[in-house]
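Colleague: Could we go through this model together, beginning with the strands and then turning to the aromatic side chains?

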Amino acid sequence: MSKESRIDEQIQHFYDNVPNVGDDLPLKEYLLKHEDSRMAWYLLGKEYESKGDKAKATYCFAQAGEIYEAFESKPAPQLPEHKTSKKSGWKKWTAALLIPLVLIGGATAVVWGLLPDSEDAAAIETTVPESPVVSPQTSASPKPAVGSKPAPLPAGVIPPDLIAGAPGPQDQGSGVLGELLTNKPSRQPRLLVAVPRLGKWNDWVKGGKPIATVTSDRESGLAGVQWFDPKWCDCKPEDGKAASKLVDGWKPLQEEKLALRSAMIRYKERTGKWPASPEAMAGDYPANTMGGWTESMSAWFDELKALLTDKKDGKIPQTAGWPDRTGPDSGHGAPAGTLASMAEQPMEIIVDKSNHRLAVVSGDVILRNYEVGLGGNKTPEGKFVISEKVKDPNGSSTGAFGSRGMTLSDTRYGIHGTDEPKSMGKDESLGCVRMKKEDIEELYDLVPMGTPVTIAQGGLPDELRAPPERFRLPSTQNETNPHKVYDWLG
């Protein structure tokens, strides 16, 4: 049924149920203008109420349903039985969950008014619309290294265009769900996942349990919610195994995207220009902004470079965006909700001297939290940048500085490995930041040269965070530097 036909049916229902329908309000034009949503009925009811047309206002408020209850804090009026032969089609249409696409005076409807109760759950449309096929671009740029290919999407699963984090239904989560419901309709589904809080941070490592899938229809404005978590709905949730597999494959690819995007931004900050090729970022020492490269990164690099050098409209982006049109399907779905800062902020490092922790963060998302060894008052506080990255400093992976080292702002202070792993959590260094072998090697691959480092007292949680499978970038580049004797303070 077309939008025009549905509105004609609604107006006929209006005429059949409301006395004295003659008025100056162009009903059909109003509903078309306001996207045929329950919010439109609520706004129209307020118009009639202001004119003193109680019967018409009551009818409109009844059609507004949950939106009326959210704004007025009382039950919506009930309508008498439908008087026309179009009753079944009308009731079927109104059974669906409608998005409040138009808001009055900047006010936002309470999201709990939009969530289904157990009787409505079965009426919500859960079929995922067919997704357009996204063909990865073949990179024309040379590839310094090619890693293993990402796992494909589970059978029958369409890649989402947004994967939004939410802490819980009673907290910020209701607002995140509301944003997914009221966002611009998409042919691709949107996934809501649980992201717990870790102090003041959003916990990336522990996050990802599927909560719900939101689908929408451009023409009708209808939105459907398929629930996976019983804490969020008074219903029997669906099996979320396929969604969980999707998230498991999605998360490592987002880390690769974040590493690439951060590297491009830091490269621009250091050189004043965007990198021309992968070799410019993942070359031999000292051109090793990144510690390696993957096949997926080649497509994403070409996507971002095309946008950053596009002079057609005269509005060249000043910062790299978030690549989401190329690469493997299992990587599609931009971080949103409480994970949104990952797609907006490059990575930074924070060192907390008070509890011997080093964290990698992107905005308010904490991606890693490691235990480190420090030097007490010998470890300086302040702001630094990673000015150099080197493998096997002084020619050895088992020496005093371990297998990886990163210099802080061209000083004798560094973040490096150690041959004294028992010094973790203690103040036994001469001022540097010591890390365990598996931690420094992951950090080295994850953060690019130019990454800001803040050393301070406090700010990080005690709980350690690192995934079972560590982040690694395959590399064929030479990142050793036999021409220098490193004398970091250790």
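Modeller: A residue counts as buried when its relative accessible area is under 20%, and we should keep in mind that this is a predicted model.

Colleague: How many of the five residues of strand E2 are buried?

Modeller: On one side of E2 lie Arg190, Leu192 and Ala194, and on the other Leu191 and Val193, and both faces are covered. Strand E2, residues 190-194, is therefore largely enclosed by the rest of the structure, the number of its buried residues being five of the five.

Colleague: Which residue of E2 is the bridge partner of Ala164?

Modeller: Strand E1 (residues 162-166) runs parallel to E2 and is joined to it by five bridges, and the two strands form a right-handed β-α-β unit with helix H8. Within E2, the bridge partner of Ala164 is Leu192.

Colleague: Which residue in E5 stands opposite Leu191?

Modeller: Strand E5, residues 209-216, pairs with E2 in the antiparallel sense over five bridges. Opposite Leu191, the residue in E5 is Thr213.

Colleague: Why is the pair of Trp204 and Trp250 tilted?

Modeller: A search of the whole structure finds four aromatic pairs. In the one formed by Trp204 and Trp250, the ring centres are 5.8 Å apart, and planes that are neither under 30 degrees nor over 60 degrees apart count as tilted, so the pair is tilted because its planes stand at 55 degrees.

Colleague: At what distance from the ring centre does Lys251 lie over the face of Trp204?

Modeller: Trp204 is buried, as is Trp250. Lys251 lies over the face of Trp204, and its distance from the ring centre is 5.0 Å.

Notes:
Residues numbered from 1 in each chain as written. Predicted model: local features only at pLDDT ≥ 70, side-chain atom pairs only at ≥ 80, totals over all residues. Heavy atoms only, no water. Buried < 20%, exposed > 50% of the residue type's maximum accessible area, 1.4 Å probe, protein only. Helix = DSSP H or I, 4+ residues; strand = E, 2+ residues; numbered from the N terminus. Pairing = 2+ DSSP bridges. Right-handed = clockwise from strand over helix to strand, strands pointing away. Phe/Tyr/Trp six-rings, centres within 6.5 Å; stacked < 30°, edge-to-face > 60°. Lys NZ or Arg CZ within 6 Å of the ring centre and 35° of its normal.
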